[in-house]
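Student: Take one close look at the way side chains pair up here, and start with the rings. I would like a single connected account, with each term explained when it comes up.

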Amino acid sequence: MRDIGKILPIDGYHVLMEKSQPADYLKSLTHLYQPLIGIQAVTLYMTLLHEKELQQQSTVQTHHTLMNYMNLPLDDLYRARLKLEGIGLMKTFKEQSDEYSIYTYELRPPFAPAQFFTDEMLAQLLYHHIGQAKFDMLKNHYVKQEQDNKGANITASFNDVFQTIFPDGRYMEAAGDLQDESTGDIMEPDFSWMEQVLKQRMIPTGQVLTNKNRQLIAQMMTLYDLPEYEVEKAVLWALTEENTLNRGEFKEACHDLFRNNHQGTVRLTDKQVETTEEAVQNPTTKEEQLIAELERISPKQLLEDLSNGGQASGQDLKVIREVMTTQGLPSPVMNVLIHYVLLQTNMKLSKAYMETIASHWSRANLKTAREAIAFAKNEKMQYQQRKNRKKSTKKTASKEVVPDWFHNRKKKKQENDDKPQHSNTDKEWQETEQLLKKYSKKKNG
């Protein structure tokens, strides 16, 4: 992808740096950040950092000058800038004039080497990029060096010393550990789903979902793009006998789940913004519309839509959660399974029937609603073909002399068998029209 046009050579820029650099920032950029964002992004950061010392308040440098400095085309500079923004080393602001734009690049200091390893997401990414041997060497060097120089950290936190009281006498709950050190923002992820899971298993939630563990879980969900049901498996796997979270085992479990889903390891790469022609086109057929809905909605929402907007029962949701957790089906595939089972069982959610099909689909490694629907149709077609072949074989093998009345009875039975049955593939998937009508009523209502 070419990024020409996102920024022009004539566009100007200023450089700001409000916070001072840590003493070992060059070591951080070279050994810790460069494997993640590449040499061009690090070079751009260093160029802008030293450019700040030379710039005059009234003078605006152009990006053409920056291109000459770094001997890079403009689209490479643009992508390097995006990597700095994504990793938290730069903020960009834009002012538009009639002829050109002026950008303000606010550089943010990198983590000091020892502090870098306290950020679970960055540390985990670096581990995957450079391997365990190199990672352990860097961590042992920088973290041990920091500890040797300063000793144990016994600094009291804000919440250890102070407590904020509102005018009406209420106390404000502490949220210090949920602060994002790179941005200063307070993170407040919703862990009500995990609290419910732990309560059902009689596990003390406060002991597992500490502030630091909440932040770790949120980071691993973002890093590995894991759905809630897979994070639930990772947390339960990493619990110790004392019902505390083993953070190392939890990270390994998240990585294993990601590797099983994607057949590889996680690495930083440029985000693909292109969309395929198929994704851009609007679905036209009823089946395409159904597939689009099954890819988008949650199993809970699907159940409620099929119940004319009624509340999904806790028992049905428990069945779905257990099947998803046990078989590891993605949400779109689970939606197809729910739809298929309801059609087969007269709108009753049979757990045993669902588990049988789910184990088969899990072994088939289905990932999308389209794959699941095609797989279900193919299985049904093969079943019908086997059934027809079995009938044909029985008819050929039967050569004994029988009365006419028996032939007439067999003929009537054959005619009835040849009639379309409620469970055949076409009629099952014709039910999609009724489902789509419910969606359209819900959207237009």
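Tutor: Rings of Phe, Tyr and Trp (for Trp, the six-membered ring) form a pair if their centres lie within 6.5 Å; planes under 30 degrees apart make the pair stacked, over 60 edge-to-face, and the rest are tilted. By this rule, seven aromatic pairs are counted. One of them joins Tyr 127 and Phe 135, an edge-to-face pair with 5.5 Å from centre to centre and 90 degrees between the planes.

Before going on, two points about the source. The model is predicted, so local features need pLDDT of at least 70 and side-chain atom pairs count only at pLDDT 80 or more, while totals for chains, interfaces and linings use all residues. Residues are numbered from 1 along each chain as its sequence is written, and side-chain values use heavy atoms, with hydrogens and water left out.

The two rings of that pair fall in separate classes of exposure (buried is under 20% relative accessible area, exposed is over 50%, partly exposed is in between, with a 1.4 Å probe and protein chains only). Tyr 127 counts as partly exposed because its relative accessibility is 22%. Phe 135 counts as buried because its value is 9%. Both belong to a cluster linked by ring pairs, in which Tyr 33, Phe 116 and Phe 117 also take part.

Tyr 33 leads to helix α1, residues 25-37. Helices are DSSP runs of H or I with at least four residues, strands are runs of E with at least two, and the numbering starts at the N terminus. Tyr 33 is among the buried residues of α1, together with Tyr 25, Ser 28, Leu 29, Leu 32, Leu 36 and Ile 37. The 13 residues of α1 do not reach the span of a straight helix: the end C-alpha atoms are only 15 Å apart, short of 18 Å (the expected span is 1.5 Å times one less than the number of residues). There is also a bend of about 30 degrees in α1 at His 31 (the angle between axes fitted to the seven residues ending there and the seven starting there). Pro 35 follows His 31 within four residues. Just after α1 comes Gly 38, with a positive phi of about 95 degrees.

Next come the charged pairs. A salt bridge is a side-chain nitrogen of Lys or Arg within 4 Å of a carboxyl oxygen of Asp or Glu. The whole structure holds ten salt bridges.

What is the distance between Arg 247 and Glu 120 in their salt bridge? From N to O it is 2.7 Å. Arg 247 is in helix α13 (residues 247-262) and Glu 120 in helix α6 (residues 120-130), so this bridge ties together parts 127 residues apart in sequence. Arg 247 is partly exposed because its relative accessible area is 26%, whereas Glu 120 is buried because its value is 12%.

Arg 214 and Glu 195 make another salt bridge, with the closest N and O atoms 3.0 Å apart. Here helix α11 (residues 211-224) supplies Arg 214 and helix α9 (residues 192-200) supplies Glu 195, so the parts tied together are 19 residues apart in sequence. Arg 214 is buried at 18% relative accessible area, and Glu 195 is partly exposed at 25%.

A further bridge joins Arg 201 to Glu 232, with 3.8 Å between the closest N and O atoms. Arg 201 sits in the loop between α9 and α10 (205-208) and Glu 232 in helix α12 (residues 228-237), so the pair connects parts 31 residues apart in sequence. Arg 201 is partly exposed at 40%, while Glu 232 is buried at 3%. Salt bridges also link Asp 75, Asp 76 and Arg 79 in a network.

The loops bring in two residues with a positive phi that are not glycine. Asn 243, in the loop between α12 and α13, has a phi near 60 degrees and is partly exposed at 25%. Asn 365, in the loop between α19 (351-363) and α20, has a phi of about 60 degrees and is partly exposed at 41%. Helix α20 (residues 369-397) holds Ala 376, which is buried at 3%. The C-alpha atoms of Ala 376 and Trp 361 are 8.9 Å apart, and the two residues are 15 residues apart along the chain.
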